[in-house]
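Reader: I would like the reasoning behind the labels on this model. Take me through them briefly.

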Amino acid sequence: MKVFNLCCRDEHRFEGWFGSSEEYDTQLASGLLLCPICGSDAIRKLPAAPHLSLSKDSSDASSPDNAQGAEVIANPSQAQAAWLRIARHIVENTDDVGEGFAEEARRIHYQEAPTRGIRGVASSADRSELEEEGIEVFSFPLPKAVKSPLQ
Ligand SMILES: [Zn+2]
């Protein structure tokens with residue numbers, strides 16, 4: 001079992017566990033390695049951590065390494081599968097309103113449009129305005145595979 005410290009283009013750090021370094025190379029080359037935080041596939045390997053605890057229930061949870069709050073993914077492919085499931089669920093249960101997201105969210109909130117789940121693109125300014133109006137919005141990075149029409 002190999003544990004690599006990985007990092008995406010946006011400097012989100014996470015650990016990936018692989019059967020071998022070849023497995024890492026294969027997953028990286030086929031775009032299967034995604035940042036669990038933003039979904040980016042621009043992943044690179046960081047130098048190995050000098051003190052890496054592999055024990056799952058290690059008692060040194062207060063050691064400086066763990067205190068950094070690095071996310072540990074015991075099984076990256078499982079985490080990705082869960083993420084894909086959620087993403088598909090969102091896609092199947094929401095209307096894509098694209099750029100008109102903020103406007104449509106308001107229309108639904110003020111009952112000018114049928115109540116339903118929608119998804120779309122909103123700037124962070126849009127999101128904070130909606131929140132101020134009491135409209136709940138949450139961000140979820142959709143994997144590329146789910147954005148395209150479902151087969
Ligand atoms: Zn990221």
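**From values to labels**

Author: This is a predicted model. Start just after helix H4, with glutamine 111: its phi is positive, near 55°.

Reader: How do you know that strands S5 and S6 pair?

Author: Pairing takes at least two bridges. S5 (residues 95-98) and S6 (residues 118-120) have 3 bridges, in the parallel sense. The strands therefore count as paired. Within them, glycine 98 stands opposite glycine 120 of S6.

Reader: What makes S5, H4 and S6 a right-handed unit?

Author: The order is β-α-β, with H4 (residues 101-109) as the helix. The label right-handed requires a clockwise path from the first strand over the helix to the second, with the strands pointing away from the viewer. This unit is right-handed, so its path runs clockwise in that view.

Reader: Why are the buried residues of H4 said to line one face?

Author: The buried residues are Phe101, Ala102 and Ala105. Down the axis of H4, they fall within an arc of 95°, so they line one face of the helix. They pack against S5, S6 and helix H5 (124-132).

Reader: What makes a set of residues the largest nonpolar core here?

Author: Members must be buried, of a nonpolar type, and joined through C-beta atoms within 7 Å. The largest such set has 9 residues, among them Phe4, Leu6, Cys8 and Ile43. Strand S1 (residues 2-8) gives the largest share, 3 residues. A second, separate core of 5 residues includes Val97, Ala102, Ala105 and Ala122.

Terms used. Residues numbered from 1 in each chain as written. Predicted model: local features only at pLDDT ≥ 70, side-chain atom pairs only at ≥ 80, totals over all residues. Helix = DSSP H or I, 4+ residues; strand = E, 2+ residues; numbered from the N terminus. Buried ≥ 20, exposed ≤ 12 C-beta atoms within 10 Å, placed from the backbone. Arc of directions from axis to C-beta. Contact = placed C-beta atoms within 7 Å.
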